[in-house]
Structure formats: structure tokens, C-alpha cells
Amino acid sequence: MASVTRAVFGDLPSGAGTVEKFQLQSDLLKVDIISWGCTITALEVKDRQGRASDVVLGFAELEGYLQKQPYFGAVVGRVANRIAKGTFTLDGKEYKLPINNGPNSLHGGVRGFDKVLWTPQVLSNGVQFSRVSPDGEEGYPGELKVWVTYTLDGGELMINYRAQASRTTPVNLTNHSYFNLAGQGSPNIYDHEITIEADAFLPVDETLIPTGEVAPVQGTAFDLRKPVELGKHLQEFRINGFDHNFCLKGSKEKHFCARVRHAGSGRVLEVYTTQPGVQFYTGSFLDGTLQGKRGAVYPKHSGFCLETQNWPDAVNQPHFPPVLLRPGEEYDHTTWFKFSVA
């Protein structure tokens, strides 16, 4: 069983509210989550010697999360990932969203779900956060009620996302944790061995919007169906890193998504999900300017993300899995992060 403790993490400026921290602890994991952006701020996992290290990038203080930073550990929405040119058409009406990533809209806009205070409720083995996103927030139609639930069971952290809409609206929620299984603050992730269970990926244009093609991974740098050591793989294919959607088996049931192993520590992360895609991002935009926990700096390739989600720009690409949530329906997706030692 997991225990849950609750504490104050910090106060928002100009009396905008108090951010709380919830610590979920089992015999194998210790996870800290704050009510600002439903953000995972720390995740301690034991290595093969039984020594615990924090394996997520982030900050020790609230101030770190309030500055401009790359969504460390947060839940992003209303629509995770990129929407081309920040526009989409729904029932004949054009919607315009904030442009915050080159020419595109990214992760819900300027003030997405990562930059708001959520209402927490403590559960026996976790915590549930809820909020109501008002009609028109960041340009999106309809009021959206959202619940994000974190529960801990042994070495497995489960995140469930639910939402209900008053009007038809695109919804795509994910968690944006950056992992380094050697421990946060380790210089890079080149010694991590990665497997992604995907036969296809989405090629992107220079602004990282999918071209519309669903390309087979066979014979490309994107074939991660068998384990590869990341540093050697990037060198071999002469690529700068990954920031791409991998197309998973199109099943609504729980399915295996990815496995990452760090040989040095023995830590293994396995990801399972009900989602049709995973964005594998190797932290290419990290540049060492942010100071994180314990004085760590986070240079390029010092963390990786496995963002389980719908495919990017699906609202503008009719042949991608459907992203619209209609009144009377429920958005309901779950992702499992399972940690072990090998």
C-alpha cells in the first residue's frame, strides 16, 4: 500500500493561492506532486544497490515552476503538443489559439493547464486534481471539466485523465516529465537503452508539425522496436535527437508502449497506456541555463520524455485518431509508469 502526505509547497504571487505538495510513498517509490499544473516535482527510485535517486528534472522551490521553463513534470492541455498555425475549424467555425512555439500553438497555449492551480482531493493511495476550464480559455470552445488522478501501487505510478465538455472541443492530455534514470542532474541520457513498441512514426516539417504521412519505422532511425543505446544510435544515424510521435497499436485497452533501461544503476522504466501515440523527446531544447534541484543544470539531452497522447495536430488531420470530445461523452485515458531494477 502507498501512504499519502500533504504539505504546503509555496504561495503564488499577489495572493493567487497556496500550492500544496502531495507525497505518495510505497516500499519502492516516492513521488512528489504539486497542485500547480498537477506537476511531478520529484520521483525517487532505488537502484540495484537499494540506493534511491530522484529521476525527474525539476525545481526544489515553487519559483522555479513559475518562471519560463519547459513544462517540467506538468500536465499539459487542453491540447498537448502542437496545433499547426494555432488554428482549426470545427462545425464550420474557425478557432484561433495563441501562437507560442514558432508559428504554432503548443501545449494548450500561453496559459495552459500547466500554469493553473488545481483543486486537490486526497485518496487512500494517491491524489486527484480537478478544475474547470472555462469556455473560450486560450481560444478553445466549450467549458471542460477535468480530473487528473495519480495513484501509486508498489513500483507503478498510474495517471488517469478524465474530461467532460459542454461543447465539442479537441482534448489531448499528457504528463510532461523529463526522466534521467541515472538521477536528475546527470549530464546526459546517452547511456540509456530505449525500446518503443511502434511500427510507424509521424515525419514532421521544420516547425515540428506532422506532414500527414504515417511512415514505417523499418530501416530508419525511428526503428526502436529492439533496444538501442541512445548515444550510439544518435551518432550512427547522425541525428540531433528525437521530438516525434510514435504510432502505437490503436487499442483502447492498456498496451505496452516503451521501455528504458539504465545499465549503470539497473533502473528500468516501462510505460503502458491506452493512448494511440507517444511523443519521444530527448530534451534537445534544454540548454543548461535553468538551475534545478540540488544546483543541477540541465544541458541538451539531459532528460527524456515519453508523453503518451493522441497524435499532434490531429484536429487538422482527419486521418489521425479522433481528438474531439463531444457533449455527453467522456475523455478517459490512463498511463502507467512502472519502475523496476534489472
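Asp243 sits in strand 21, residues 243–247. Keep in mind that this is a predicted model. Asp243 counts as buried, because its relative accessibility is 11%, and the cut-off for buried is under 20%. What does Asp243 touch, leaving out residues up to four places away in sequence? The list is Arg82, Leu208, Gln279, Phe280, Tyr281 and Phe285. With Gln279 there is also a polar contact, side chain to side chain, at 2.9 Å.

Why start there? Asp243 is on a UniProt list. The entry is unreviewed, and it gives "binding site" for Asn81, Arg82, His176, Ser177, Tyr178 and Asp243. From this set, the lining of the largest pocket takes in Asn81, Arg82, His176, Tyr178 and Asp243.

Now Ser177, which the UniProt record also lists under "binding site". Ser177 lies in a loop, between strand 16 (174–175) and strand 17 (192–196). Buried or exposed? Ser177 is buried, with a relative accessible area of 2%. Its contacts, again without residues up to four places away in sequence, are Ile40, Val56, Gly73, Phe304 and Cys305. Its side chain also makes a polar contact with the side chain of Asn175, at 2.7 Å.

One of those contacts of Ser177 is Cys305. So, on to the cysteines. How many disulfides does the structure hold? Zero. Take Cys257. The closest cysteine sulfur belongs to Cys247 and is 12 Å away, so the two are too far apart for a bond. A disulfide here needs the sulfurs within 2.5 Å. Cys305 is in no disulfide either; its nearest cysteine sulfur is that of Cys257, at 13 Å. Cys257 counts as buried, at 0% relative accessibility. Cys305 is also buried, at 0%.

Another contact of Ser177 is Ile40. That takes us to strand 4, residues 39–46. Strand 4 is mostly covered, with six of its eight residues buried. Which strands pair with it? Strand 3, residues 29–34, runs antiparallel to strand 4, and six bridges join them. Within that pairing, Val31 stands opposite Leu43. The two strands form a hairpin with four residues between them. In that turn, Gly37 has a positive phi of about 70°.

Next, strand 5, residues 52–54. Strand 5 is also antiparallel to strand 4, joined by three bridges. Here Glu44 has Asp54 as its bridge partner. Strands 4 and 5 form a hairpin too, with five residues between them. Its turn holds Gly50, with a positive phi of about 85°.

Terms used. Residues numbered from 1 in each chain as written. Predicted model: local features only at pLDDT ≥ 70, side-chain atom pairs only at ≥ 80, totals over all residues. Heavy atoms only, no water. Buried < 20%, exposed > 50% of the residue type's maximum accessible area, 1.4 Å probe, protein only. Pairing = 2+ DSSP bridges. UniProt positions renumbered as here; feature names shortened; annotations may be inferred. 1 Å grid on protein atoms, 1.4 Å probe; cavity = no way out; pocket = protein on both sides within 12 Å on 5 of 7 lines; lining within 4 Å. Contact = heavy atoms within 4.5 Å. Polar contact = N/O pair within 3.5 Å; in protein donor to acceptor, adjacent residues only side chain to side chain.
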